[in-house]
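Please read the following report on side-chain contacts alongside the sequence and the structure shown here.

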Amino acid sequence: AGRCRPEQRRRTVPSILRELAEKRQLSEETVSLLQAQFSDLPRELHSWRQMADYSPEMRQFACLLHLYHIKAYDYLRKILPLPHPCSLTKQVFIHSFIHSECISSWLCNNEAAAGFSSDIFLRLQEKVERGDQAYRYCTLLVQDVSLQKQREWDPHTKQLAGFVDLGAGILDADEAPLASEAVILMAVGISSPWTAPLGYFFVNSTSGHFLAQLLRQAINKLNNIGVVVLAVTSGASACGAETARALGIRIDPRKIQCTFQHPPGSMHSVAYFFDVCHALLLIRNALQCLQKVEWLGDTVWWQHVVELAAWREQRVLEPCSPESGRAGSKGSYHLKVNPAALLFSEGVAEALEHFQKLGLASFQNCSGTVKFVRLLSSLCNVFYGRGPYGKEPLLAGNHTKISSLFDEAKSFFVNLTDSVGTYIIKSKRKLGFLSFLLNAESLKWLSSNCMCPEGTPSPHLHTHAFSLHPLEQFLRALQQACGSSGSPTCAVFQAAYHKLLASCSLAPGSLHSASPWDRSLSRRRELTLGSIRAQYHPAPARTLAPECPYSAGLLLPSSALSNALTDLSLHTQSLACTAGWVAEQLALDLQCEACLASLFEADESRLRCRTVLYIKKLGGVSLPSASVHHITSISEQVLNRCGKIGGASKKTKLWHLALEQKVFQELLGESPLFPTLTDHLFEGDLSINNHYTVLVKEITRCYLNIRTNPAPHLNLKYPCGRHRLKRLKGKHSSPSPLGSCQSS
């Protein structure tokens, strides 16, 4: 390729670009952009003979053409001595006893500039060279985020910013489009939960062919430093499907090709996954649009899900039965559906069955819906590494069960039809179902072909590494660093990325969510019963609950006189009801099913499912769980010891933080709180901001805010409730606030 024939020497780069446009291998728009951006490129072919002498513009031209137009690049390589695609990202490390110098490749940059991060690859290589086997195998994740189009002047680089940048230089010609998206790549450990952000790329638009080229370059770079990529994960979207096809993946239910060769034609294969959460959203959309689907005599009805999600808290009579152990006539309870419950979960399946057993007309004949929900729940347990399969579902003992489950799912999905008999797997609503079939084949292939150096199947294959969750956690942290909820500009994105990269650790579990109060992804929230309820029954503007402790007359501002005149049992009941009101306020925003259920004192003797809750009530307020009541009790004790409440000098943020600190000090060393949330406590390698710890902090803050700022919580539309005080005082005389309260 380095020699040019006589007829080739007369050709110039602009003439070759025009030839490519005539052959429709390049669009006229692309040719115009290339000519405008690279107007100073050497025209004569002999100037391209020595790659070592390529100017930055020549390198940028080669990289751009390779990533966006691989066929045009291959055609040009027959004429010009352009580098082999693998060498575009080849990274060479020169070691000496004094220093280690990194000669970055054309698509690599130091610090946090666009392109592959040289520092991250160097750190990964060091871990591999030290013999750390946890860093030998990984999954490669890819996702794009939207950017705000804006041309800006960068005073540091003294260049215009906001344009397309693939790591080889900014395309800043007057005709060049502004960047509208950033593509982020991340490597995630398969046997150990480490994460490594590999780099980002500013683009005007993404296509499957572009992402496929970018992924191949990332795999090359990781292979060069000794890290083996076993799988690639993208979103279950049109672009994700195009990327899969561009890599050689075949998504056909009759014959699924779940792997692609890299390098092409080699013996090494890489599995492909679609993000499970994305696939579930597509299936939910399909069921919602079709309203019902059928499978070998069973019918799945969307209306069953709508009725369950729309269920409002109701006081329901329960017929007494010998099994219940309750003597006498009918009892009563408050039945509540947990809005944070995930649609495709075992809890929702049990809830549908339970409502059917209660004889509710809306839930009769829901066995098909239950079967559908339960099947998807079981599949999620495998791909998320939870439930009966544990964090490592590919252990030998689970192989038979998982294979049977995948066979059942395939039989189910390929036979699903709509109301007119059209197979869903062949309709426009097929991608979600095909995604699960592809993921199942990829997981089976990995379990059979993923071998350790010793030649034995790896016992440590964590399936959660095949989802986009780690990358989306990083993107939420990035959004918080950007300082706004909207799309950032290129300059803001770059500054935030630089900030995160500076504190990035490749240690397992080092990446934590930027918003610990809601670690659930936005797409995951769209799969909750609460999101479905909001679609059909939009909630009105939030107002103060009529049963606010103040409006009920239960909680009085602290003073020596009021404390002296208040009956101790009434004060105890008042505290319990205030804690219940705190639980109700926090439940409005919680997106975790387990956390929401843990806030209330629920009667688990009827049903242990967290999706359906039997809530005890007192004076219209839900009674809190023992843990919530204990936290508020400690908070009240701290307030009483601190003297005045609500004084002008006591309303500073520093004073509130001091109160919170005292409460936490009181709680330390006592019996564990929230016994049902033990798993949450150990999430994130003992992160200080996991669900468990943040729940304690939010309960404390909410209670202290109510007690120290009573005015905003007063609702004068409701009476002070003096008669209710008398009734409560006479009815609840026991000093135990939770043990003495009956279901009202």
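At 13% relative accessibility, D252 counts as buried, where buried means under 20% relative accessible area, exposed over 50%, and partly exposed in between (1.4 Å probe, protein chains only). This is a predicted model, in which local features need pLDDT of at least 70 and side-chain atom pairs count only at pLDDT 80 or more, while totals for chains, interfaces and linings use all residues. Residues are numbered from 1 along each chain as its sequence is written, and side-chain values use heavy atoms, with hydrogens and water left out.

The structure holds 10 salt bridges, a salt bridge being a side-chain nitrogen of Lys or Arg within 4 Å of a carboxyl oxygen of Asp or Glu. The table gives examples.

| Pair | Closest N to O |
|---|---|
| D252 and R254 | 3.1 Å |
| D298 and K371 | 2.7 Å |
| R374 and E353 | 3.2 Å |

D298 in strand β14 (residues 298-301) and K371 in helix α12 (residues 367-384) are 73 residues apart, so that this pair links distant parts of the chain; helices (H or I, at least four residues) and strands (E, at least two) are DSSP runs, numbered from the N terminus.R374 lies in helix α12 and E353 in helix α11 (residues 346-357), so their salt bridge ties together parts that are 21 residues apart in sequence. Both residues are partly exposed, R374 with a relative accessible area of 25% and E353 with 28%. Salt bridges that share partners also join R250, D252 and R254 into one network, in which R254 counts as exposed at 76% relative accessibility.

A search of the whole structure finds 0 disulfides, a disulfide being a pair of cysteine sulfur atoms within 2.5 Å. The sulfur of C277 is 8.5 Å from the closest cysteine sulfur, in C380, which is too far for a bond.
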